[in-house]
Amino acid sequence: MKLQDIPVHEEQSLYEVRKKIYPRAVHGAFAWLRWAAVWATQLVFYGGAWLTWNDRQAILFDIVHRKFYLFGLVFWPQDVIYLTVLLILSAFSLFLFTAVAGRIWCGYACPQTVYTEIFMWIERKVEGDRNSRIKLDQTGWTAGKLARKIAKHGLWIALALWTGFTFVGYVTPIRELWGEVLGLSTGPWETFWILFYGFATYGNAGWMREQVCKYMCPYARFQSAMFDTDTLIITYDPARGEPRGPRARNLDYKAKGLGDCVDCGICVQVCPTGIDIRNGLQYECIGCAACIDGCNQVMDKMSYPRGLIRYSTEHALQRNLSRAQMFRRVFRPRSLIYLAILAGIVVAAGVSLALRVPLKVDVIRDRAALAREVGDGEIENVYRLQIINTTEKPQRYRIGVEGLEDIHIAGPTEVEVGPASSRELPFKVRVHAEREHLAPGTHRIEFTVRALGEGEGRVKVEEKSVFIVR
């Protein structure tokens, strides 16, 4: 065997070198929907922190004081069940949206998509559209190029820092935080999180972009497990488009054996992840529908019917179903089950919130003095009651105890708790030792805490404990 006959194995890199993508601007119905989602989500995010309710911030996650304000509701760590419900709702919503319309969350409402859209808009305003940006990057460094790059990154950094500031403003009251920022007196953790979240926004939306969707986001990897043949996905119709090829507008392309696809490449140029949807569904596709808008523009110019690239399903393409038939199959048992579960959880959570008692009580035994004899032949146990007033008004409560004959609290039985605050108070509970029924050991008792005044008769909490007799 000669040396030249030995097969040479070309070494391939483990990681693909990133090729910078220059997405082209596109207009159309889906582009309008994406920008509507951008405006809606960012008005909620940036504006929500500045809303006031009852002379306080309407939405505030006060981790330091372990209180979470959501308009008229105040949640405490004991309300963690509602966080669990929120996570379950998010999961089932994702399952439902994915089963019905694929990666619609990724294409319209995911923070990575939203901020990338904003950053690309800034980039286009400063550096121009796709061809201008390519040309600018290929030319050498000049004063004009340097000025544009500085302007673009300056705007990116300003937006990223404002995003980080708003994020921290949901934990630290944003008006106080604004004063600290202006006075350069923010605490170390506040400074860290403003810079960290700002850096993450700048890096992800300005530099990494599609790399986050392709390599960092796990959803791209397991999305196919939630798809089926009746899931709406962005599809290219090969039966109509192939064979593709360029042609003049007035050419009888059917006589030439050509399909509707003019092979212009617009669908690739507008794609934020740089894929060619004509190669079929790929995990990199985020479902933003930019390729649909781009292709429809070309179809309009060529006077061809729209929809060469469109939302469709595998069944619709294989069986040539009408739109009505396709949508009837979209609302199939699987998606209806998800919808029913979601509706059930929402109703249950709503009823729970409506019936939620605005009072929480924890009973803790004093372990230093389990049981002791006191004057007048009584046995005494000491308890500490933590009483949490979840309303935003001061409340008075009366504490009682039941479970044993002649059991009573020694001392005051009424306590006042401030708005959205808690008090931990000791209470001495006594029983006469000479009672015949009072055998040594533990006895079940029950504390009752009732609201006085405005909540009297409606707000009552019962908490079980034990009384020890030696």
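Analyst: Two strands pair if DSSP finds at least two bridges between them. Strands here are DSSP runs of E with at least two residues; helices are runs of H or I with at least four, and both are numbered from the N terminus. The model is predicted, so local features need pLDDT of at least 70 and side-chain atom pairs 80 or more, while totals for chains, interfaces and linings use all residues. Residues are numbered from 1 along each chain as its sequence is written, and side-chain values use heavy atoms, without hydrogens or water.

User: What makes β3 and β4 a pair?

Analyst: β3 (residues 59-62) and β4 have four bridges, in the antiparallel sense. The criterion is at least two, so they pair. D62 has K67 as its bridge partner in β4. Four residues lie between the strands of this hairpin, and R66 in the turn has a positive phi of about 55°.

User: How do you know that β4 and β5 pair?

Analyst: DSSP finds three antiparallel bridges between β4 and β5 (residues 73-75), so the criterion is met. Y69 stands opposite V74 in β5. This hairpin has two residues between the strands, and F71 takes a positive phi near 55°.

User: Which residues make up the two faces of β4?

Analyst: K67 and Y69 form the covered face of β4 (residues 67-70). F68 and L70 form the uncovered one.

User: Why is F167 called partly exposed?

Analyst: Its relative accessible area is 33%. Buried means under 20% and exposed over 50%, with a 1.4 Å probe and protein chains only, so F167 falls in between. F167 is found in helix α6 (residues 143-168).

User: What makes F167 eligible for a nonpolar patch?

Analyst: Patch residues need over 30% relative accessible area and no salt bridge (Lys or Arg side-chain nitrogen within 4 Å of an Asp or Glu carboxyl oxygen). F167, at 33%, passes the area cut-off. Nonpolar side chains are joined within 5 Å. F167, W189, F192, W193 and F196 form the patch, with about 550 Å² of accessible area together (Shrake-Rupley). Helix α8 (residues 188-208) gives the most, with four residues.

User: Why is the largest set of 45 residues called a nonpolar core?

Analyst: A nonpolar core is a set of buried Ala, Val, Leu, Ile, Met, Phe, Trp, Tyr and Cys residues joined through side-chain atoms within 4.5 Å, so its 45 members meet those conditions. I234, I277, C291, I292, I309 and Y311 touch the most other members. α13 (290-302) gives the most to this core, with seven residues.

User: Where does I292 make contact beyond its neighbours in sequence?

Analyst: Past four places in sequence, I292 is in contact (heavy atoms within 4.5 Å) with F30, I234, I309, R310 and Y311. A second, separate core of 30 residues includes V415, L438, F447 and V449.

Technical notes: Patch = residues over 30% accessible without salt bridge, like charges linked within 9 Å, V, L, I, M, F, W, Y side chains within 5 Å. Areas by Shrake-Rupley, 256 points an atom, 1.4 Å probe, with all protein chains shown as cover.
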